[in-house]
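Biologist: Could you take a close look at the aromatic ring pairs in this model, and explain with care how they sit within the rest of the chain?

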Amino acid sequence: MKTSAALTRRTLLKGGLAVGAGLTIGVPLGGRVPRGLAQSSGVFAPNQWLRIDRDGMVTIVNSVPEMGQGSLTTTPMIIADELDTELGNVKVEQAPANVPLYKNPVTGTQSYGGSRGVRDHIAMWRKAAAAAREMLKQAAANEWGVPVEGVETEPDTVIHRPSGRRLRYGQLVDKAQQLPVPQNPRLKTPDQFRYIGKTVRRRDTPDKITGRAKYGMDVQLPGMLVASIERCPVRGGKVKSFDATAARAVRGVKHVVQVSSGVAVVADGFWPALQGRRALKVEWDEGPLAQVSTPLIDAEYERLSKQPGQVARNDGDAPAVLGAGGRVHEAVYQVPYLEHACMEPMNATAQVTAESCVVWVPTQNPGATQATAARLTGLPPDKVTVHTTLLGGGFGRRGEVDFVVDAVEVARAVKTPVKVMWTREDDLTNGFYRPATYNVFRAALDANGTPSAWLTRIVGPGILIQKGRGKAGTVDPTALAAMRDLPYEVPNLRIEWIHKDFGIPVGFWRSVGSSQNGFIVESFIDELAHLAGRDPFEYRRALLGRSPRHKAILELVAARANWGGPLPAGQGRGIAVVFSYGSYAASVAEVSVAADGTVRVHRVVCGIDAGLAVNPEQVRAQMEGGAVYALTAALYGQITFDKGRVQQTNFHAYPLLRIDEMPKVEVHILDSGEAPGGLGEPGVPTVAPAVCNAIFAATRKRIRRLPIDKEQLRRA
């Protein structure tokens, strides 16, 4: 199924002539532009994605929130190329929440995760811009009384070479606006691109480094109050009673109200709100999670792992081969719960009246924000306006709407615009965590050391099932990502999953299941290579005969990292390759381990085959960011529980990689000419296994549990 989709897109990109119907869902090119979308005279708006004014300025309505991935730059590049306009003439507006108009053409929702910005929208954006270009050409041809086939475009201009006549786009907007929108406009071929495939500097960088950029935390409204919410220390706990006397006595505190997540203290600033919150006296019903601690989770996972699970993939007869004896290797891998740890803590601002609701929020999910606010207020969705601000980190966390609920409930209660601000402690202790899992591997090796049978049994929760988006009793695909589609050729392969959910909220952490499964698969295959007495790169390469793109990116990073070449004394080198979110990525890490067990990562060489690379510099930035994120998790990341309470309350206990710990990261891009794949997520899954395999190469100590434990590596 994936192959079929990829081939279809590849054909479209290489041919550049048509866009399949499946990629253009929701693009009303054939109808009128919806009311309210600049139908006024002097504005050419052929569809909801772009407008051209009489002065020639092009406005793109960008439906993808900017969370650091560069959508404010790549979207204009794509549309400028297809429309044939100068990039400097293009400005960007953030789309409002409006699911029918601005939904993702693949997912059908107005929510963004899974590295879906470019790969899900590029065909649609190109078609929208190409339709506009065709209409401008037709308008000029009509004006000159010549066949449209005789006109062409240069940037921002339609020209008729035989007569030398020229008209700027801005001069044609009134006439073009009267024309029907072509349904199958001719797309440019890649050799005609002026921006796609070239490095373009990010537009948002100057504002971000000078502080002019506006995030959710920066929202200010006349008469606005600020709220901080006291929550139960155990997730899911409820308020039994509270005494707000002392809180109300704090200067600046205006209101104390109970909301669904706890007790909100509303003040004329964040500091008095926080002081009032600290003065609250709340009695909690802590709920069932108060009985849950990390040792209990680990013990239960281990017990369940001894039972058969649901079968997610079954090639041949792995149990029979493993049961026949011979050379069998077994290993157990564990990964912890992880928090997203966005630099900008969760926040949202809301204003609720009887007639309307307006929300300002750094969200990955404008559609659900609108639906949630409508549900809470009883207003129809079209009475709810959502302003999506810049996001100070998303990583999947801002696809949730709990902080939107906070703002709407508090604003509705106090009848005043309110900004609800979370503290760092609120963030870390009230997350939607990457699931902790327990993973058993068994493999049989033949006389050549090649795996003749492989069984993996994963124990853990399912994100989709917990959120009600997956059916209980089925296999949750998020738990099996980068595992069920194991690329290595193994004749007898069995993947099982045991669903165990303690009720701890779980969510979509950057690269989701691929993050933990990339680590466990690529570490275990390294173990098999060692047992076979084979080079880890060559061992993988030999097993990737059926996956040429895995093989190609693996070979690329091995070559660029000088695999097999000399290293400084004490250093080791490790390798890994993982497919995720439409892209093939590989990494080589070079590390050393100090006598006290401290791991130093000196160099990471990354390779990515994400198909068409729209902005190569942004590809490199995404891979470098993925390396930072992955190294943080591998070296430090874990959320643990004691009687339901998260034990990591701030960065002192949940550290992030510091600048002096950052290795040299080299990124190499393999432009395969295929359809664009994801970028934000695929940079993560290969880094932890490459580092841990490098540790083994340096020390002969195998890391089977994250984060990396210094004590395990300490020399006697």
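Modeller: Of the 716 residues of the protein chain in this predicted model, 59% count as buried, and that is a useful background for a look at the rings. The chain contains 21 helices and 27 strands, and its C-alpha trace spans about 85 × 70 × 45 Å along the principal axes. A compact globule of 716 residues would have a radius of gyration near 27 Å, and because the protein chain has 27 Å, the two agree. Among the contacts with a separation of 6 or more, 75% are accounted for by residues 24 or more positions apart.

Turning to the rings themselves, the structure holds 12 aromatic pairs. One of them joins Tyr333 and Phe441, whose ring centres are 5.8 Å apart and whose planes meet at 80 degrees, so this pair is edge-to-face; an angle over 60 degrees is what earns that name. Tyr333 belongs to strand S14 (residues 327–335) and Phe441 to strand S19 (residues 437–445), so their pairing ties together parts that are 108 residues apart in sequence. Are these two residues buried or exposed? Tyr333 has a relative accessible area of 0% and is therefore buried, and Phe441, also with a value of 0%, is buried as well.

A second example is the pair of Tyr337 and Phe641, where the ring centres lie 5.5 Å apart and the planes stand at 85 degrees, so this pair is edge-to-face too. Tyr337 is placed in the loop between S14 and strand S15 (347–352), while Phe641 is in strand S25 (residues 641–642), so here the parts tied together are 304 residues apart in sequence. Buried means under 20% relative accessible area, and that cut-off covers both partners: Tyr337 counts as buried at 4%, and Phe641 is buried at 5%.

The rings can also be followed beyond a single pair. Ring pairs link Tyr333, Phe441, Trp454, Phe519 and Phe524 into a cluster, which brings us back to Tyr333 and Phe441, the edge-to-face pair described above.

The loop that carries Tyr337 deserves one further remark. Ala341 is also located in the loop between S14 and S15, and although Ala341 is not a glycine, its phi is positive, at about 55 degrees. With a relative accessible area of 10%, Ala341 is buried.

For contrast in exposure, it helps to look at Lys415, a residue other than glycine whose phi is positive as well, near 55 degrees. Lys415 sits in the loop between helix H12 (402–414) and strand S18 (418–421), and its relative accessible area of 68% makes it exposed. A further backbone detail concerns the peptide bond from Leu706 to Pro707, which is cis, with omega near 0 degrees; Pro707 is found in the loop between helix H20 (687–699) and helix H21 (710–713).

Finally, the outside of the chain completes the picture. Its accessible surface comes to about 28,000 Å², and 52% of that belongs to carbon and sulfur atoms. The protein chain has 86 positive and 69 negative side chains, and the centres of these two sets lie 1 Å apart.

Technical notes: Residues numbered from 1 in each chain as written. Heavy atoms only, no water. Helix = DSSP H or I, 4+ residues; strand = E, 2+ residues; numbered from the N terminus. Rg over C-alpha atoms; globule rule 2.2 N^0.38 Å. Buried < 20%, exposed > 50% of the residue type's maximum accessible area, 1.4 Å probe, protein only. Contact = heavy atoms within 4.5 Å. Areas by Shrake-Rupley, 256 points an atom, 1.4 Å probe, with all protein chains shown as cover. Lys, Arg positive; Asp, Glu negative; His and termini not counted. Charge placed at Lys NZ, Arg CZ, Asp CG, Glu CD. Phe/Tyr/Trp six-rings, centres within 6.5 Å; stacked < 30°, edge-to-face > 60°.
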